[in-house]
Amino acid sequence: VLQHGDLDTYHNIWQAFRHFRFASAETVGPLLLALAIIGLVVLLVRTRLSPEAIATLPFAAPFAFYVVALYTGQAVLYVPGASPAHAGSLFYNARYGTEIVAPVAFYLATLIGQQVWARVGMILLIAVQSFLIARGGIIALQDGQYGASCVAVRPSVNFLAQHYTSGNILEDTYFKNPQQYAIVAGAKLTNIIYQGSGAQWDAALQDPAANADWVVIHSGDLVAQHVDVTSVAFLTHFTPVAHDSDGVALYHRTGALLAQRTLPADFNTAQMQCNTTGH
């Protein structure tokens, strides 16, 4: 993402703050977010920074955490209004915004206090804001339906869903082969060998046959850079079993038994929107 110039939050504290502010506002609503911030400030001023008030600051930690993560390049976040103009999707990791729900609820509660009228007013305000959010679109849901987190209909995913029962899957999850493909097909995270697998990842790139039963590869990704799928050594152990239109190829260990399952009639329904929106 950084190499393609799609990470404008990297070493840019304003953009990092801006991206998570948009995600937060679009998740809980701008008015509720603003009132929660006021609630935090009022709490600290009213109590004159008492130890009890300071002890509430960890509730605001998710906001600070994601700003730092975006700034250091450890997280990527796209939401409408705060995504690079050349980004391939309006939504990516929009679910991060849900981390702000609990802090907002807490600081709203400290703001309204014990007054009955304030409580009634806040309930009405939350109800109206919830209606407006639902009407305008819940971004965490839209990300899964139409955004970069959506898993489009793919022959490779269908093949895995029909035939996968066990075994390790080697893939570069930071390129164009998100690990959701394997998860949709029923694989566990512990069976996916990716950049976060440490020494197992390095070993699998050097010797796929000794570490993996499935290989997902896309031209240009790290697996493709380390594994020559046209070599006799590789093809002795792996057989191509599925190929997607964008170049993603799936290989399975040669000679290993494959399960035979019928896909449910609605298996591809949730992924159809990804095709129509280009993701």
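These exercises work through parts of a predicted model.

**Exercise 1. Strand pairing around E5**

Work out which strands pair with E5, and in which sense.

Solution.
- Start with strand E3, residues 214–217. Four bridges join E3 to E5, and the two run antiparallel.
- Fix the register on that side. Ile217 stands opposite Ala249 in E5.
- Turn to strand E4, residues 238–243. E4 and E5 pair over five bridges, again in the antiparallel sense.
- Fix the register here too. His243 stands opposite Ala249 in E5.
- Put the two registers together. Ala249 faces Ile217 in one pairing and His243 in the other.
- Add the burial. E5 spans residues 249–253, and four of these five residues are buried.

**Exercise 2. The hairpin of E4 and E5**

Find how many residues lie between the strands of this hairpin, and which residue there takes a positive phi.

Solution.
- Count the connection. Five residues lie between E4 and E5.
- Check the backbone. Gly247 takes a positive phi near 100 degrees.

**Exercise 3. Ser156**

Decide whether Ser156 is buried or exposed, and list its contacts beyond four places in sequence.

Solution.
- Locate the residue. Ser156 lies in helix H8, residues 155–163.
- Apply the cut-off. Buried means under 20% relative accessible area. Ser156 has 5%, so it is buried.
- List the contacts, leaving aside neighbours within four places in sequence. Ser156 touches Ala242, Asp244, Val248 and Leu250.
- Place two of the partners. Strand E4 covers residues 238–243, which takes in Ala242. Strand E5 covers residues 249–253, which takes in Leu250.

**Exercise 4. Positive phi outside glycine**

Locate His11 and Arg48, and give the phi of each.

Solution.
- Take His11. Its phi is near 55 degrees, a positive value in a residue other than glycine. His11 sits in the segment before helix H1, residues 13–28.
- Take Arg48. Its phi is positive, about 55 degrees, although it is not a glycine. Arg48 lies in the loop between helix H2 (30–46) and helix H3 (51–54).
- Classify Arg48. Exposed means over 50% relative accessible area. Arg48 has 76% relative accessibility, so it counts as exposed.

**Exercise 5. The second largest pocket**

Describe the second largest pocket by volume, lining and residue classes.

Solution.
- Volume: about 250 Å³.
- Lining: 16 residues, of which Thr27, Val28, Leu32, Val101 and Ile133 are the closest to the centre.
- Elements giving two or more residues: H1, helix H5 (101–112), helix H6 (116–136) and helix H7 (139–146).
- Classes: 11 nonpolar, four polar and one charged residue.

How values were computed
Residues numbered from 1 in each chain as written. Predicted model: local features only at pLDDT ≥ 70, side-chain atom pairs only at ≥ 80, totals over all residues. Heavy atoms only, no water. Buried < 20%, exposed > 50% of the residue type's maximum accessible area, 1.4 Å probe, protein only. Contact = heavy atoms within 4.5 Å. Pairing = 2+ DSSP bridges. 1 Å grid on protein atoms, 1.4 Å probe; cavity = no way out; pocket = protein on both sides within 12 Å on 5 of 7 lines; lining within 4 Å. Points joined across faces, edges and corners; volume = space filled by probe spheres on them. Nonpolar A, V, L, I, M, F, W, Y, C, P; charged D, E, K, R; others polar.
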